[in-house]
Structures are given as C-alpha cells and as structure tokens.
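I set out to record what I looked up in this structure, one topic at a time. The entries follow the order in which I made them.

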Amino acid sequence: MFGHWSRVRPSGSQSARRFRPPRSAGDTTVRSQLILLSIAAVAIPLVTWFALPLVPPLRSLPDTYTGGSAFPASPLAFEKQRVGPESKQRSWIANVQIVDFDQDGLQDVIACDARRNQVLWYRQLQGGGFEEQILGKDLVAPAHATVVDLDSDGDPDVIVSVLGNILPDDGTIGRVVWLENLGGKFQPRVLLTDVRRVADVQAADLDGDGDLDLAVAVFGYARGQILWLENLGEGRFREHELLSAPGTIHVPLADYDGDGDIDIAAIVSQDEEELWGFENLGGGKFRGRRLWFTHNYDIGSAGLVQHDLDGDGDPDLILPVGDNLEDIHTYPQPYHGCLWFENRGNWEFVPHRIAQFGGTYAAAVGDFDGDGDQDVALVSMFNDWDRPEQASIVWLENDGRQNFRTWQIDNAPTHLATVAAGDLDGDGRDDIVAGGLHLTGPFDRLGRITAWFSRGDASR
C-alpha cells in the first residue's frame, strides 16, 4: 500500500527523457538556436514545476476522456453503515481488516489510522454496532496491522508496519512494532528499526524450526528492501535481505509451489513495476523469481492479495492497479483496474485483466452473493470525483468460470484506500469494509471507516 507518493521514475521512462536538439556543425545561427533551445529545455520545466501547483484543477475531464468509471447499479443490495466515530478532520485510514479478534464468534474490524497514529479495534457488539478500543498509539503513520499469535501463548498479538511518514521520505524512519497481548493489555515492543518506511509485515514459519518468522516490505522512497526476519526467540529477530528495491507494498505468504513450505510473494512498484516470488528452499534459503513486469511505469500497482480465486487448490495473486498520486492532478486512467495472476504451477503466474476501474487502490476477495464462488471488491482512490456518478466501490461478480462483471455499490465516500471482506453479520454472505484516505480534493464526500452489508437480491 502507499504506492508511489511522488513516484521515483526510472531513467528509461518517458518522463525522464531529455530534449536533445539536432546538431549542425559550422552554422553559427543554428548554434545560437540550439543554445536558446537548450536554455528553454531547462527553463520551461522549472517554470512549469513552480507554476502548475498554482493553477486551479480542472472541474471536469474532456468529453473524450474515458478513464473515469461508473457502472450499472449492483443487483445485490448493500446496506451502508459507519464503523466508529466520524472524523472532525479528513481521515487517513491506511488499512482495515475483518477478523474475530476477541474470538467471541463475531467478526470485528482492525484499522490503522495514520491521522491519529493509532491501531484501533472496532469490537462488534452482540446487539449490533461497534465499540472502539485503542490497541496501539504513538505509531507514526501505521500502514498495516497483522493479527497473529507471535509468541504462541494462545492469544492474538498485533504486528504493526510503521511508515514513519505518510508522504515521500527516504529517511530511516520505518519500524516493525509488536503489540504483545498481555491479558488484554497491549505492550509495544520494537522488533525492527533504523530502516526506511515499512508498508507490510506478514508472519509464518519460514525456516521450518517451529516458530514464527516475519516477511517485511520496506517501501522506503528511492531506496527500499524486502527482508525476512529470523525468529531467535524472546522477541529477538535476525535480519536477512531478499531484494534491494524501493516501493514494495505487500508481501503475502503462501505455499505457492505446493511443496509444503511457505514462500513469499511481493509487488514492487517504485523504480519498476514488478511481481516477485521468493521460493523457499528450506533452512532459511530463498530463490528470487521475477514473475511479471510491465513497461508501463505509470500503471500504479497499489497492493497484492493472495487468494485461491479459481478454487483449484493453489494460491493465486490479485493486483489492484491505479495509484497515480505522483501526478499533479490525479486523473483516473483507462489502464487502471485489477489483474488476476492465475497460478498454473511451477512458478508460472498467468495475468488476466478482470476489471477496468479508474484509480483502483485496493482489492478484497469474498463470496458476496453467496453462490459459492469467489467475487472481488475494489475501491477507488482516484476516480473523477468531480462527477458525482463515478464509483468509489464496486464488486466483480464471478460467474463461476472466472468471468467477472463489474457492479457499482456506491459513489461515497470517495478516496477509498483500503478494503476488506468477511461475513460481519453471520448470514453466509461476505460483507465489505473500506477506509478513506483523503489527501486530495474534492472534500465533499468524506468518510472514515464504512461497512457495506450484503443483503441479497435488490429486486426482492
């Protein structure tokens, strides 16, 4: 998550190419023209850099522009409900998850609030509604919270990925913080520090020794890493680097090759747009494999979700694309949407484009219509919000053969940056929770954390 915040451009991309005028030896007039052109080539970008932020944004896109996205109304009814209090400021919700945190049979919501610098638990009450409890505070720009029993003592702990700054920053301000559950009180313990911005941490036994290790996405800005942390016991971890590259957002863990151990997948989004797999060779050794890349450096990878979308028994990968916060005006683009990487075995992942949706920023998989197959929810951070009909959240209906149709759920709140799926009300259909991250305007359809409960056929 938090892909690109003023993306670093590779030297080969179009935006990095320099203007080079043609040479004409022995011609003084041409030389003078070349000098003037060279000065202009430097001066115009400088003037543009300072002047464009002063130009008011366009109120609408040209009629020929097709990047904005609106869709037919969902035939499946969804009931909207606010989770937690309204925010008096523009909200910065970086992550939401649906999990039965207190193991009482009711699904709860865990949220990272980068405005309040807190990790929050919204406990679902027996009679309905949610009660807010603070799990961790003074965590500067928490990006992700992973619920796991790290110390194997029978209760859920929380591992927090701390950016240190929600905006671009290449300082060593990132941290991994363990909120250790001590009888319902959560004690923060720093497991990793002096690294650049951390966007994700996931836990599994990566070296086969019986305890939980950690995979870490160090997003950074111009510099970053993918790490795995070897659990040495008593809250101590040893750091191992798998890849040196900026912009890693998520590191979902699964047995991708079906050999019985846990591998690592990662989406790298800054210098390049690449999907990586790290094959677990045993004994703490990994083999890196680049599984996919694109020459479209502006595609805007925004996260990575692991799920068996086609139900064939192996884990697939779902990639939302649509992060373009690096642009002065964050227009949706026609190539935004969602890719499904079908796991064919032997580390072959075949990409399928399953949705076109402007400004797509996050994806979640669930069975929203209760028909037994897996659908996908997508949220938009950067649709054309000056058009009130544009979608902020959609669901992709799976026909059972992985053909997907896009249905619009809602157009508000806007600027949704994170989404989760789970059965909140226990009716057998998955529901949706999303969080708003309002960094750019317009600011007329604000929202903090919102749930959409699936209520069945809307025509009934």
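The entries below go from the whole chain to its sheets, its loops and two single residues.

**Basis**

I worked on a predicted model, in which local features need pLDDT of at least 70 and side-chain atom pairs count only at pLDDT 80 or more, while totals for chains, interfaces and linings use all residues. Residues are numbered from 1 along each chain as its sequence is written, and side-chain values use heavy atoms, with hydrogens and water left out.

**Whole chain**

I looked up the secondary structure first and noted 1 helix and 28 strands. Helices (H or I, at least four residues) and strands (E, at least two) are DSSP runs, numbered from the N terminus.

I then turned to burial: of the 460 residues in the chain, 53% are buried. Buried means under 20% relative accessible area, exposed means over 50%, and partly exposed lies in between (1.4 Å probe, protein chains only).

The exposed area of the chain is about 19800 Å², and 49% of it is supplied by carbon and sulfur atoms. Accessible areas come from the Shrake-Rupley method with a 1.4 Å probe, and for residues only the protein chains shown count as cover.

For contacts between residues at least 6 apart in sequence, I noted that 50% join residues at least 24 apart. Contact means heavy atoms within 4.5 Å.

**Sheet with strands 2 to 5**

I found an open sheet of 4 strands in the order 2-3-4-5, paired antiparallel. Two strands pair if DSSP finds at least two bridges between them. Which strands stand at the edges? They are strand 2 (93-99) and strand 5 (130-136); each has a single partner strand, so one side of each is left without a neighbour in the sheet. From one strand to the next the twist averages 20°; axes are lines fitted to C-alpha atoms, for helices over the stretch in contact, and angles run from 0 to 180 degrees between N-to-C directions.

Within this sheet I checked strand 3 (residues 108-113) against strand 4 (residues 118-124): 5 bridges pair them in the antiparallel sense. C112 stands opposite V119 in strand 4.

**Sheet with strands 1, 28, 27 and 26**

I found another open sheet of 4 strands, with the order 1-28-27-26 and antiparallel pairing. Strand 1 (76-82) and strand 26 (416-422) are at its edges, and one side of each is left without a neighbour in the sheet because each has a single partner strand. The twist here averages 25° from one strand to the next.

Strand 27 (residues 431-436) and strand 28 (residues 449-457) run antiparallel and are joined by 4 bridges. In this pair I noted A434 opposite T450 of strand 28.

**Loops**

I looked for cis peptide bonds and recorded one between A412 and P413, with omega about 0°. P413 is in the loop between strand 25 (404-410) and strand 26. A cis peptide bond also joins G441 and P442, with omega about -5°; P442 is in the loop between strand 27 and strand 28.

I next looked up positive phi values outside glycine. Q103 has a phi of about 55° and is found in the loop between strand 2 and strand 3. With a relative accessible area of 57%, Q103 is exposed. D138 has a positive phi near 55° and is likewise not a glycine; its loop lies between strand 5 and strand 6 (142-148). D138 counts as exposed, at 62% relative accessibility.

**H144**

Is H144, in strand 6, buried or exposed? I noted a relative accessible area of 10%, so H144 is buried. Leaving aside neighbours within four places in sequence, the contacts of H144 include N95, Q97, C112, I159 and D200. The side chains of H144 and D200 are joined by a polar contact of 3.4 Å. A polar contact is a pair of N or O atoms within 3.5 Å; within protein, one must be able to donate a hydrogen and the other to accept it, and residues adjacent in sequence count only if both atoms are side-chain atoms.

**R353**

I closed with R353, which is in strand 21 (residues 348-356). R353 is partly exposed, at a relative accessible area of 43%. Beyond neighbours within four places in sequence, R353 is in contact with P334, Y335, H336, C338 and L339.

Which backbone oxygen does the side chain of R353 reach at 3.0 Å? I found that of P334. A polar atom of the R353 side chain also lies 3.2 Å from the backbone oxygen of Y335. For H336, 17 residues apart from R353 along the chain, I noted a C-alpha separation of 10.0 Å.
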